[in-house]
Amino acid sequence: MATATQSHQPNLYETDYLQWIETTLEKLRQQDYAAIDWDNLIEEIADMGRSERQAFESNLIVLLLHLLKWQYQPSMRSGSWKSSIVEHRRRIRRAIQDSPSLKPYLEKVFSECYADAVEQASAETGLPIASFPSESPHTPAQVLDANFFPEA
């Protein structure tokens, strides 16, 4: 057992991440559970979940941002805004298809993501935050609807 006075010896996780993954996979396939670096494996799995949720939120914020800009700056509408709306809707739909548990998560984070999108829309458009509704005037279902583009 290591004592507080012993120096920390780096393990494979710290020295070669890819090799650690390959080694861990092989140990799992061989069902060599005693040799698995459980602490780091558990942390990696937890990180994967956080990363998925962060990517989901990021895509939702970008989608909401471009819908706000589409609605509040109609004279500036462009193909790139429309393309971004289509792309981020696709990413969100695919994420929900791959991980259905993200559908209730969408409802949970929608208001917070909308607030973030308003803040960014204000910064990008130069319009005061008060120009935008404090709560989304659109439902998550509308926001994800491929045919929905809000009017000015």
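**Entry 1: a term to start with**

A nonpolar core is a set of buried Ala, Val, Leu, Ile, Met, Phe, Trp, Tyr and Cys residues joined through side-chain atoms within 4.5 Å. I note at once that what I have open is a predicted model.

With that term in hand, I looked up the largest nonpolar core and found 28 residues in it. Phe56, Leu60 and Leu64 have the most contacts inside this core. I then asked which helices each supply at least two residues of this core. They are α3 (38-72), α4 (79-98), α5 (102-125) and α6 (140-144). The largest share comes from α5, with 10 residues.

**Entry 2: the chain as a whole**

Next I stepped back to the full chain. I counted six helices and zero strands, and reading along the sequence gave me the pattern α-α-α-α-α-α. Is the chain compact or spread out? Its radius of gyration is 22 Å, while the globule rule gives 15 Å for 152 residues, so I put the chain down as more spread out than a compact globule. The C-alpha trace spans about 65 × 35 × 25 Å along its principal axes.

I also checked burial and found that buried residues make up 32% of the 152 residues. For contacts with a separation of 6 or more, residues 24 or more positions apart account for 64%. The chain exposes about 9,900 Å², and carbon and sulfur atoms supply 53% of that area. On charge, I noted 14 positive and 22 negative side chains, with the centres of the two sets 10 Å apart.

**Entry 3: two leucines**

Back to the core, I picked Leu64 and asked what it touches beyond four places in sequence. My list reads Phe110, Cys113, Tyr114, Ala117 and Val143.

Then I turned to Leu63, which lies in helix α3. Buried or exposed, I wondered about Leu63? Its relative accessibility is 0%, so Leu63 counts as buried. Not counting residues up to four places away, Leu63 touches Ile85, His88, Arg89, Ile92, Val143 and Leu144. Val143 is thus a name I wrote down for Leu64 and again for Leu63. I also took one distance here: the C-alpha atoms of Leu63 and Glu119 are separated by 14 Å, with their positions 56 residues apart along the chain.

**Entry 4: Phe110 and His138**

Phe110 came up in the Leu64 list, and I placed it in helix α5. With a relative accessible area of 7%, Phe110 is buried. What does Phe110 contact once its neighbours within four places are left aside? I found Leu60, Leu64, Ser136, His138, Thr139, Pro140 and Val143. For one of these, Thr139, I checked the C-alpha distance to Phe110 and got 8.9 Å, at 29 residues apart in sequence.

His138 is another partner of Phe110, so I followed it into the loop between α5 and α6. His138 counts as buried at 15% relative accessibility, because the cut-off for buried is under 20%. Leaving aside neighbours within four places, His138 is in contact with Gln71, Phe110, Val143, Phe148 and Pro150. Between His138 and Glu119 I read 17 Å from C-alpha to C-alpha, at 19 residues apart in sequence.

**Entry 5: Lys69 and Gln73**

I was curious about a lysine in helix α3, namely Lys69. Its relative accessibility is 8%, so Lys69 counts as buried. Outside four places in sequence, Lys69 touches Pro74, Trp81, Glu124 and Thr125.

Further along, I found Gln73 in the loop between α3 and α4. Gln73 is buried too, with a relative accessible area of 17%. Its contacts, again not counting residues up to four places away, are Leu68, Trp81, Thr125 and Leu127. Trp81 and Thr125 therefore stand in my notes both for Lys69 and for Gln73, because each pair has heavy atoms within 4.5 Å.

**Entry 6: a glutamine with a positive phi**

My last stop was Gln31, in the loop between α2 (17-29) and α3. What is notable about phi of Gln31? It is near 55°, a positive value in a residue other than glycine. At 56% relative accessibility, Gln31 counts as exposed, whereas Gln73 is a glutamine I wrote down as buried.

How values were computed:
Residues are numbered from 1 along each chain as its sequence is written. This is a predicted model: local features need pLDDT of at least 70, side-chain atom pairs count only at pLDDT 80 or more; totals for chains, interfaces and linings use all residues. Side-chain values use heavy atoms; hydrogens and water are left out. Buried means under 20% relative accessible area, exposed over 50%, partly exposed in between (1.4 Å probe, protein chains only). Helices (H or I, at least four residues) and strands (E, at least two) are DSSP runs, numbered from the N terminus. The radius of gyration is taken over C-alpha atoms; the globule rule is 2.2 Å times the number of residues to the power 0.38. Accessible areas come from the Shrake-Rupley method with a 1.4 Å probe; for residues, only the protein chains shown count as cover. Lys and Arg count as positive and Asp and Glu as negative; His and the chain ends are not counted. The place of a charge is taken as NZ of Lys, CZ of Arg, CG of Asp or CD of Glu.
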